[in-house]
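Biologist: Could you take me through the aromatic side chains in this protein, one part at a time? I would like to see how the rings sit against each other and against their surroundings.

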Amino acid sequence: MLSVRILPIIKKKGVCSSQSGNYRPIAIATAVSKMIEDCILNKFRSNLNTGKGQFGYKKNLGTETAVFALKNVVNHYLTNGSTVFSCFLDASTAFDCVLHEKLCIKLLDRKFPVHLVKIMYFWFKNQKYSVLWDEVMSKTFTPQKSVRQGGVLSPYLFNVHMDVYINVYMDCLGEELDKSGVGCRFGSQFANNLWYADDLCLLAPSRKALQQLLDICSKYVSNHNIRFNCKKTVCMKFVPKGKKFCTNPKLVLNDCILTWVNTFNYLGYTICNGKNGDDDEIEKRMCKMRVQANVLGLRFAKASFKVKKKLFSTFFSTIYCIGLWVPSKRIIRRVKVAHNNCFRAVFKKYGQYSVSAEMVAANVLTFGALRRKAIFSLWNRLHNNDNEIINSIMCSDSFYKSELRLEWINLVYSPD
């Protein structure tokens, strides 16, 4: 139960493999310890609840709903003629900063049984870690802080990371940002801070308000074990049509001047503040589809039809956040053609014939069916959750009149 193996995984392709900071340490625990973690999670899940701004590790919520909330809050302000200033903050080595003592105190505050907390504290303090590198195992060591990145409970325990004084770290900071009375709001709900695990997005209608939110974050974490990475923290402004905003104001976090960007990869989705809208995100997905189809076509050229069908269904039956797209007719035609060409590349079917008919015959989703299925799934998840921010958006007049909702209605009820 106490044995843990650390497997370093490179964070992304193209980074320098000789620098330790470019690796993510994934903890591989024993099956017995994972079973116990599952039992604890199933029994005490309600004790690990977090605030409305946290979209991570919750039922019917996730990265797609977090991006949905961000886009609709920004659209609400833009349609009413207001500029939106945003800041995307990244917490450095969040899983490695959890202090065991503070974590156990907070678990007790959340009505965890004393005997269970004692077991967990002993578990944290006596785990034996070893690093596997190039088939060579290191000597064992015992960490003084952190929870396992890769553990079943780790994301939930990070969300209840211990404050030195009173409350849950994430919830406390979110409450302070809400109580500040500044930043964006949607109806009666403040939407000035959107979280997914340790990724935080701040939203404000003015530079001064955003700086106040940054000051609250900076002051709060100065006495805590979590810190924000200023190099990965960037700002972005969204300007309504017809308005000009030439200069980027100065914003400071922890005495560091933050940089301004026009596009940002937020939770894997490309957010753009220009006229292109979702075009950059769609171009990225098209490029990824083409590369994946060519690789599969080459590697499995001699595979059976059944294998190719399974591969195509696995890799091309879903496209990340496709339900949030509001594309132009020109680019949506290009995506459809790219999806059809992926079918041709995998099945090696070239020539003048109806690809859609071939897809239907092969019992795989066409691009139109894929998109409608994604929208219907997202629609159900948005209607079947109790998040206050999402509920405020779904009941709002701005969402009812938004281009996104009209796109959904046209596709689901009036498919071409």
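Modeller: Happy to; here is a walk through the aromatic residues, followed by a look at the sheet. Please keep in mind that this is a predicted model.

Let's start with the overall tally: searching the whole structure turns up 15 aromatic pairs. One of them joins Trp 379 and Trp 408 in an edge-to-face arrangement, with 5.5 Å from centre to centre and 70° between the planes. Trp 379 belongs to helix H12 (residues 367–383) and Trp 408 to helix H15 (residues 403–413), so this pair ties together parts that are 29 residues apart in sequence. How buried or exposed is each partner? Trp 379 counts as partly exposed because its relative accessibility is 24%, and the cut-off for buried is under 20%. Trp 408 has a relative accessible area of 1%, so this residue is buried.

Rings also gather in a group here: Phe 305, Phe 312, Phe 316, Phe 343 and Phe 347 make up one aromatic cluster.

Some rings have a charged neighbour instead. Arg 185 places its charged end over the ring of Phe 190, 4.5 Å from the ring's centre. At Trp 260, Lys 237 lies over the face, at 5.5 Å from the ring centre.

Now for Phe 55, which you will find in the loop between helix H1 (31–44) and helix H2 (63–79). Its relative accessibility is 0%, so Phe 55 counts as buried. What lies across from it in space? Between Phe 55 and Ala 197 the C-alpha to C-alpha distance is 7.5 Å, although 142 residues separate the two in sequence.

Another phenylalanine, Phe 122, takes part in a nonpolar surface patch of about 360 Å², together with Met 1, Leu 2 and Val 32. Within that patch, Leu 2 sits in the segment before strand E1 (3–10). Leu 2 counts as partly exposed because its relative accessibility is 30%.

That brings us to the sheet. Strand E1 is part of an open sheet of four strands, ordered E2-E1-E4-E5, with mixed pairing. At the edges are strand E2 (23–29) and strand E5 (136–137), each of which pairs on one side only. Between E1 and strand E4 (residues 128–133), the pairing is parallel and runs over four bridges. An aromatic residue turns up here too: Tyr 129 in E4 is the bridge partner of Val 4.

How values were computed
Residues are numbered from 1 along each chain as its sequence is written. This is a predicted model: local features need pLDDT of at least 70, side-chain atom pairs count only at pLDDT 80 or more; totals for chains, interfaces and linings use all residues. Side-chain values use heavy atoms; hydrogens and water are left out. Patches are made of residues with over 30% relative accessible area and no salt bridge: like charges are joined within 9 Å, nonpolar side chains (Val, Leu, Ile, Met, Phe, Trp, Tyr) within 5 Å. Accessible areas come from the Shrake-Rupley method with a 1.4 Å probe; for residues, only the protein chains shown count as cover. A salt bridge is a side-chain nitrogen of Lys or Arg within 4 Å of a carboxyl oxygen of Asp or Glu. Helices (H or I, at least four residues) and strands (E, at least two) are DSSP runs, numbered from the N terminus. Buried means under 20% relative accessible area, exposed over 50%, partly exposed in between (1.4 Å probe, protein chains only). Two strands pair if DSSP finds at least two bridges between them. Rings of Phe, Tyr and Trp (its six-membered ring) pair if their centres lie within 6.5 Å; planes under 30 degrees apart count as stacked, over 60 as edge-to-face and the rest as tilted. A charge sits over a ring if NZ of Lys or CZ of Arg is within 6 Å of the ring centre and within 35 degrees of the ring normal.
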